[in-house]
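Trainee: I am new to this one. Could we walk through it together, a step at a time?

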Amino acid sequence: MNNTTYYVCHGPDAVHYVESDGASTMTSGQSNIEQFDNEQEAVARAEELGYVFTIEEEPLQDLES
């Protein structure tokens, strides 16, 4: 069972993308925190807000293609 939760945290000048396996807690100083159960939806939202994934953190969906 996949218990991964995805978060897109954003404010006026920053966007953060976080994956959590549920074993840890997550807080953010950003004014908006959006929670997703679906990686593709979270990635799309992060990119929509201007987040740029680096090679080291490419979403699994892109690596499996």
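Mentor: Gladly! One definition before we begin: two strands pair if DSSP finds at least two bridges between them. Keep in mind, too, that this is a predicted model.

Trainee: Which pattern does the protein follow along the sequence?

Mentor: Start with the inventory: the protein has two helices and three strands. Now read them along the sequence, and the pattern is β-β-β-α-α.

Trainee: What is the order of the three strands in the open sheet?

Mentor: Let's come in from the edges. Strand S2 (15-20) and strand S3 (32-36) are the edge strands, each pairing on one side only. The pairing in this open sheet is antiparallel, and its order is S2-S1-S3.

Trainee: By how many degrees are neighbouring strands of this sheet turned against each other on average?

Mentor: Direction is ignored for this value. Taken as an average over neighbouring strands of the sheet, the turn is 20°.

Trainee: Which residue in S3 is the bridge partner of Tyr7?

Mentor: Tyr7 belongs to strand S1, which covers residues 5-10. S1 pairs with S3 in the antiparallel sense over five bridges. In S3, the partner of Tyr7 is Gln35.

Trainee: What percentage of the protein's residues count as buried?

Mentor: Here a cut-off helps: buried means under 20% relative accessible area. The protein has 65 residues, and the share of them that counts as buried is 28%.

Trainee: And how much of the exposed area do carbon and sulfur atoms supply?

Mentor: The protein exposes about 4,600 Å². Of that area, carbon and sulfur atoms supply 45%.

Notes:
Residues numbered from 1 in each chain as written. Predicted model: local features only at pLDDT ≥ 70, side-chain atom pairs only at ≥ 80, totals over all residues. Heavy atoms only, no water. Helix = DSSP H or I, 4+ residues; strand = E, 2+ residues; numbered from the N terminus. Axes fitted to C-alpha atoms, helices over the stretch in contact; angles between N-to-C directions. Buried < 20%, exposed > 50% of the residue type's maximum accessible area, 1.4 Å probe, protein only. Areas by Shrake-Rupley, 256 points an atom, 1.4 Å probe, with all protein chains shown as cover.
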